[in-house]
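Good morning, everyone, and thank you for making the time. I would like to take you through one model today, going from the overall fold to a helix pair and then to a few single residues.

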Amino acid sequence: MKAEQFLLALGLVEEGGVWRRKTDGGMVGENSEAALIAMKGDILRMAFEPGIDEPLSMKQAMEALRLLSALEKR
């Protein structure tokens, strides 16, 4: 999956290049990479403490963490 796909699965929407939460419209990041990094805590929780109603499976969360690691190394 690409960063944008993870963000959509996490319930974010892109508006004019800025990623926002659907629930309250709060800005999460100025671009997909920044938004994914901002969601790191939620993704970590989903990877290691998965719940029934999580938007990402444990496997998807681990894939997102690998993508995050690559982004943070840049």
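I will begin with the chain as a whole and then turn to the details.

Please keep in mind throughout that what you see is a predicted model. The protein chain has 4 helices and 3 strands, and if you read along the sequence, these elements follow the pattern α-β-β-β-α-α-α. As for the overall dimensions, the C-alpha trace spans about 30 × 30 × 20 Å along its principal axes. The radius of gyration of the protein chain is 12 Å, which agrees with the value near 11 Å that a compact globule of 74 residues would have. Of those 74 residues, 31% count as buried. If we take the contacts with a sequence separation of 6 or more, 39% of them are accounted for by residues 24 or more positions apart.

Let me now move to the helix pair. In general, two packed helices are described by the angle between their axes and the distance between the axes. Here the pair is helix H3, residues 40–48, and helix H4, residues 58–73, whose axes come within 8 Å and cross at roughly 140°. Because an angle has to be over 145 degrees to count as roughly antiparallel, H3 is oblique to H4. The crossing of H3 and H4 is, moreover, left-handed.

Which residues in H3 and H4 meet? From H3 the contact draws on Lys-40, Ile-43, Leu-44, Met-46, Ala-47 and Phe-48, and from H4 on Met-58, Ala-61, Met-62, Ala-64, Leu-65, Leu-68 and Glu-72. Sorted by character, the residues of this contact comprise 11 nonpolar and 2 charged, with no polar ones.

One of the H4 residues, Glu-72, deserves a second look. Glu-72 is partly exposed, with a relative accessible area of 39%, and, leaving aside neighbours within four places in sequence, Glu-72 is in contact with Ile-37 and Lys-40. Between Glu-72 and Ser-57, which are 15 residues apart along the chain, the C-alpha atoms are separated by 22 Å.

Ser-57 also serves as a reference point for Met-39, since its C-alpha atom is 15 Å from that of Met-39, with the two positions 18 residues apart along the chain. Met-39 has its place in the loop between helix H2, residues 32–38, and H3. Is Met-39 buried or exposed? With 10% relative accessibility, Met-39 counts as buried, and, not counting residues up to four places away in sequence, Met-39 touches Leu-7, Leu-10, Leu-12 and Val-28.

Next comes Glu-4, which lies in helix H1, residues 3–9. Glu-4 is partly exposed, at a relative accessible area of 34%. Once neighbours within four places in sequence are set aside, the contacts of Glu-4 are with Trp-19 and Ser-32. Glu-4 and Ser-32 are 28 residues apart in sequence, while their C-alpha atoms are 6.0 Å apart in space.

The last residue on my list is Glu-30, found in the loop between strand E3, residues 27–29, and H2. Glu-30 has a relative accessible area of 61% and is therefore exposed. Even so, Glu-30 touches Gly-17 and Val-18, again not counting residues up to four places away in sequence. From Glu-30 to Glu-14, a separation of 16 residues in sequence, the distance is 9.6 Å, C-alpha to C-alpha.

To bring the pieces together, we have a predicted model in which H3 and H4 cross at roughly 140°, a loop residue, Met-39, that counts as buried, and another loop residue, Glu-30, that is exposed. Thank you for listening.

Key:
Residues numbered from 1 in each chain as written. Predicted model: local features only at pLDDT ≥ 70, side-chain atom pairs only at ≥ 80, totals over all residues. Heavy atoms only, no water. Axes fitted to C-alpha atoms, helices over the stretch in contact; angles between N-to-C directions. Helix = DSSP H or I, 4+ residues; strand = E, 2+ residues; numbered from the N terminus. Parallel < 35°, antiparallel > 145°, perpendicular 65-115°, else oblique. Left-handed = near helix turned anticlockwise from the far one by under 90°. Contact = heavy atoms within 4.5 Å. Nonpolar A, V, L, I, M, F, W, Y, C, P; charged D, E, K, R; others polar. Rg over C-alpha atoms; globule rule 2.2 N^0.38 Å. Buried < 20%, exposed > 50% of the residue type's maximum accessible area, 1.4 Å probe, protein only.
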